[in-house]
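Q: Please give me a close look at one part of this model. Then carry on from there and walk me through the packing in one connected account.

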Amino acid sequence: MEQRYNDFGSFLHRIFPFKVQKISVNAGFTCPNRDGTKGLGGCTYCNNQTFNPGYCRTEKSVSEQLDEGIRFFARKYPTMKYLAYFQAYTNTYGELEALKRKYEEAITFPNVAGLIIGTRPDCMPDELADYLVELSRRTFLLVEYGLESMLDRTLERINRGHTVAEAEDTVRRTAARGIYTGAHIILGLPGESREDILHHAAALSALPLTTLKLHQLQLIRQTQMAKEYANHPEQFRLYTAEEYIELVTDLMEQLPPAFVMDRFVSQSPKEWLIAPDWGLKNYEFTTKLNRRLAERNTWQGRYWGIFPKTA
Ligand code: SF4
């Protein structure tokens, strides 16, 4: 099928002459939006149960987790190489030397070809960014920031603990250092209309991003947001998969063609998920999305630079 958006797999293929696979690593970091450093209580959509020392301070070292992950894939793909993905919590939150040790442990592990670091935009001090410049000269490095919304009123409502201005500044500082810089956005946060979501496209387009990851809002059990939903379901707009595909398509039409679209959906464990439960795997979603892009005869970047488009 004709590719109508700039996909992450092709991006990796342009960089690496071999197949690469992400392996999620829980490096045992915590979160400044829970321990009082940046805020208390955390983001309203974040599950408290998964944020406890027992879960977070995993017993397994970075190397052990990589070893397990690589063994799993290597049976089927013996020549494959791997990207260590520090995904859980805030992976730049800690003492610089401790952070360095974890990153270095990952990149020196056999068959690891690079590193992806997920973090908050208010957790990138200059000294760390300087070290990451040096690291990015030795290996593939992508720093992925959870921006979640490009509206301050939403960030406040979800208790995110940072502003849009802080997020934009950090993305610019990181990209200006020559580091691949990614963003993560949640579509469907409470209080955001379709027009608000399309506004995100305009705000994101002004940023020097390499990659963009979109996720549908998922309501997770035992979160502050789950309580809000129980009390005021009318304040939430939960999309069906088909509606979400239309929204993603509308958004992508307005994004720069150069943004690499990393992912469109997230899948929380069924036992934690309240709604929406689409029952779609990632590849099933992208198949549907590709089909809809073709039906609409549209593509990423079609209306890029022509803002606002809200009709
Ligand atoms: S979503 Fe991330 S930043 Fe927010 S409370 Fe949870 S771990 Fe912390």
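**The ligand shell and the packing of sheet and helices**

A: The shell around the ligand holds five nonpolar residues, one polar residue and three charged ones. The model is a predicted one. Cys 31, Arg 34, Gly 42, Cys 43, Tyr 45, Cys 46, Tyr 89, Arg 120 and Arg 160 surround the ligand. Cys and Tyr count as nonpolar, so Cys 31, Cys 43, Cys 46, Tyr 45 and Tyr 89 make up the nonpolar part. Arg 34, Arg 120 and Arg 160 are the charged members. Gly 42 is the polar one, because Gly is classed as polar here.

Next, the sheet. It is open and has seven strands, ordered β1-β2-β3-β4-β5-β6-β8. The pairing is parallel. β1 (20-25) and β8 (260-263) are the edge strands. Each has a single partner, so one side of each lacks a neighbour in the sheet. From one strand to the next, the twist averages 25°.

Look at the β8 edge. Three bridges link β8 to β6 (residues 211-216), and the two strands run parallel. Lys 213 faces Arg 263 of β8. Helix α10 (residues 241-253) packs on the sheet here, touching β5 (180-187), β6 and β8. The direction of α10 makes about 155° with that of β6.

α10 has a helix partner too. Its axis and that of α11 (residues 282-295) come within 10 Å and cross at roughly 60°. That angle makes α10 oblique to α11. The crossing is right-handed. From α10, the contact uses Glu 242, Tyr 244, Ile 245, Glu 246, Val 248, Thr 249 and Met 252. From α11, it uses Phe 285, Lys 288, Leu 289, Arg 292 and Leu 293. By class, this contact has seven nonpolar, one polar and four charged residues.

Now a second helix pair. The axes of α4 (residues 96-107) and α5 (residues 126-138) come within 11 Å and cross at roughly 15°. The cut-off for roughly parallel is under 35 degrees, so α4 counts as roughly parallel to α5. This crossing is right-handed. α4 supplies Leu 96, Leu 99, Lys 100, Tyr 103, Glu 104 and Ile 107. α5 answers with Glu 127, Leu 128, Tyr 131, Leu 132, Leu 135 and Arg 138. The α4 and α5 contact has eight nonpolar and four charged residues, with no polar ones.

Terms used. Residues are numbered from 1 along each chain as its sequence is written. This is a predicted model: local features need pLDDT of at least 70, side-chain atom pairs count only at pLDDT 80 or more; totals for chains, interfaces and linings use all residues. Side-chain values use heavy atoms; hydrogens and water are left out. Axes are lines fitted to C-alpha atoms, for helices over the stretch in contact, and angles run from 0 to 180 degrees between N-to-C directions. Helices (H or I, at least four residues) and strands (E, at least two) are DSSP runs, numbered from the N terminus. Angles under 35 degrees count as roughly parallel, over 145 as roughly antiparallel, 65 to 115 as roughly perpendicular and the rest as oblique. A crossing is left-handed if the near helix is turned anticlockwise from the far one by less than a right angle, and right-handed if clockwise. Contact means heavy atoms within 4.5 Å. Two strands pair if DSSP finds at least two bridges between them. A residue is near a molecule or strand if one of its heavy atoms lies within 4 Å of it.
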